[in-house]
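Dear colleague,

I am handing over the structure we spoke about, and my notes on its sheet, its openings and its aromatic pairs follow below it. Please read the two side by side.

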Amino acid sequence: MKMSLRKSGALLCAAALGSATLVACSSESSDSASEPATNSATNAATATAGAEGEGRGPITFAMGRNDTDKIVPIIEKWNAEHPDEQVTLNELAGEADDQRDTLVQSLQAGNSDYDVMALDVVWTADFAANQWLEPLEGDYAVDTSGLLDATVESATYNNTLYAVPQNTNGQLLFRNTELVADAPDTFDDIRSACEAVENADCLTTQLKQYEGLTVNSLGFINGWGGEVLDDQGQPTVESAEAKEGLQALVDAYADGTISSASTAATEEETNLAFTEGETAFAINWPYMYSNAVEKGLQFEVQPLVGKDGVGVSTLGGYNNGINVNSENKATARDFIEFIINEENQLSFAEASFPPVLASIYDDQALIEEHPYLPALKESLENAKPRPVSPFYPAISKAIQDNAYAALTAGKSVDDATRDMAAAIRQAS
């Protein structure tokens, strides 16, 4: 799907809102073990919670501080409507690893400091396997039928829903239309189009040895029909399809279709290369859209392309889980459901925070303002979660180590996938 992005008026922006009278934001650092901050409204609600029934009352919502400006207005609305069940926002560190460490420390101690936790999608299975999350079934069941399928899959472990997707993200293929006029339908079309490109790289993406390399390796493995794990959590990365996908990545880097700079690139280096006109194509997250508009670049976006057509993006985003030790789980359940209602999901879209409610992507007024949304919806409809496993960090390391060796050190794809599979088996 091609969409012209020439209108400078389409620049996205998100307003950071806050109100001290409705939302109490903790200033705890990631290594703090103190109790979350409360305000007078929360204390008053605590005094009456017992009279209102078990499982209802004030709760604390924990989330990394980088994105809390999107959730603050939603908390304010909830608090205005639920004076006896106030939500207190507890801002965690900006870095994902620090966020996780803070949550794990509290959960391992059996604490109820955080009633609802915004979890990176790759943590959900780990937290569920450790029995830190309340299964969302029975009285805590939430209707997810209107949500994008891949987001629900990312919040499901052993066929049980353990969190409710809050927001998501998918990769897009960006194309400088002054360098390449026509949209590619397959990855081979990119290679062919770049034969005529002069004074610029062909395709830039994130192949530095970090999580970005895992994401992009999975894009090729999945985009060629392969998988890393089967339904039982056993490695399948040695399948013919998985090998073909990884080989396509290695070959594209070797022949220059993927720029040599990519093995030192994170999202930000990719962003700079594309917005400065140094690369014809780039794979990146939707945030790069507004940056390219600001630069006055002539470009179009579409879903990723794979072997035979639309490719496979991995998912970003948060899933909201309920602490199994929470004393007010009924309120926690209602709050995470409140976040996915149409009004709140629309506010996410307007703040360039991709929603999980599928219908939002069909809002014509919103599409006029943010014309990349149909491409993002198609990307998300074809997306896959990263391997859903409590051992995900070890799986990611196995992918990174061996894909990087195949890209830069001459390791064969057969050896790389064999060693990936061995490392995954050892970790599990």
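How many aromatic pairs does the count come to? It comes to 15 aromatic pairs, where rings of Phe, Tyr and Trp (its six-membered ring) pair if their centres lie within 6.5 Å, and planes under 30 degrees apart count as stacked, over 60 as edge-to-face and the rest as tilted. One of them is the edge-to-face pair of Phe-187 and Phe-220, at 5.2 Å centre to centre and with 80 degrees between the planes. Phe-187 belongs to helix α6 (residues 187–193) and Phe-220 to helix α7, so this pair ties together parts that are 33 residues apart in sequence. Helices (H or I, at least four residues) and strands (E, at least two) are DSSP runs, numbered from the N terminus.

Before the rest, a word on the source. This is a predicted model, in which local features need pLDDT of at least 70 and side-chain atom pairs count only at pLDDT 80 or more, whereas totals for chains, interfaces and linings use all residues. Residues are numbered from 1 along each chain as its sequence is written, and side-chain values use heavy atoms, with hydrogens and water left out.

The cavities and pockets come from a 1 Å grid over the protein atoms alone: a cavity is a set of points where a 1.4 Å probe fits but cannot get out, a pocket is an open set with protein on both sides within 12 Å along at least five of seven lines, and lining residues have an atom within 4 Å of a point. Grid points are joined across faces, edges and corners, and a volume is the space filled by probe spheres set on the points.

Phe-220 appears again in the cavities. The structure holds two cavities of 30 Å³ or more, and the largest has a volume of about 120 Å³. Of the 15 residues that line this largest cavity, Gly-219, Phe-220, Ile-283, Leu-304 and Val-305 are the closest to its centre. The elements that give two or more residues to this lining are α6 and α7, and α7 gives the most, with four residues. The lining divides into nine nonpolar, six polar and no charged residues, where Ala, Val, Leu, Ile, Met, Phe, Trp, Tyr, Cys and Pro count as nonpolar, Asp, Glu, Lys and Arg as charged, and the others, Gly among them, as polar.

The second largest cavity has a volume of about 70 Å³, and its lining residues include Val-121, Ser-154, Arg-386 and Val-388. By class, that lining has six nonpolar, three polar and one charged. Domain 1 (59–169 + 316–371) and domain 2 (170–314 + 385–427) both give residues to the lining of the second largest cavity, so this cavity lies between them; the domain bounds come from an automatic or database domain assignment.

Turning to the pockets, the largest has a volume of about 1500 Å³. It is lined by 43 residues, of which Ala-96, Asp-120, Gly-316, Gly-317 and Arg-386 lie nearest its centre. The largest share of this lining, five residues, comes from α3, and the lining as a whole divides into 19 nonpolar, 13 polar and eleven charged residues. Domain 1 and domain 2 each supply at least three residues to the lining of the largest pocket.

The second largest pocket has a volume of about 710 Å³. Among the 26 residues that line this pocket, Leu-229, Asp-230, Asp-231, Gly-233 and Val-388 are the closest to its centre. Its lining has eleven nonpolar, nine polar and six charged residues, and again at least three residues come from each of domain 1 and domain 2.

Last, the sheet. Four strands form an open sheet in the order β9-β10-β8-β11, with mixed pairing, where two strands pair if DSSP finds at least two bridges between them. The edge strands, each pairing on one side only, are β9 (201–204) and β11 (299–302). Strand β8 (residues 172–176) and strand β10 (residues 279–284) pair in the antiparallel sense over four bridges, and Arg-175 has Phe-281 in β10 as its bridge partner.

With best regards
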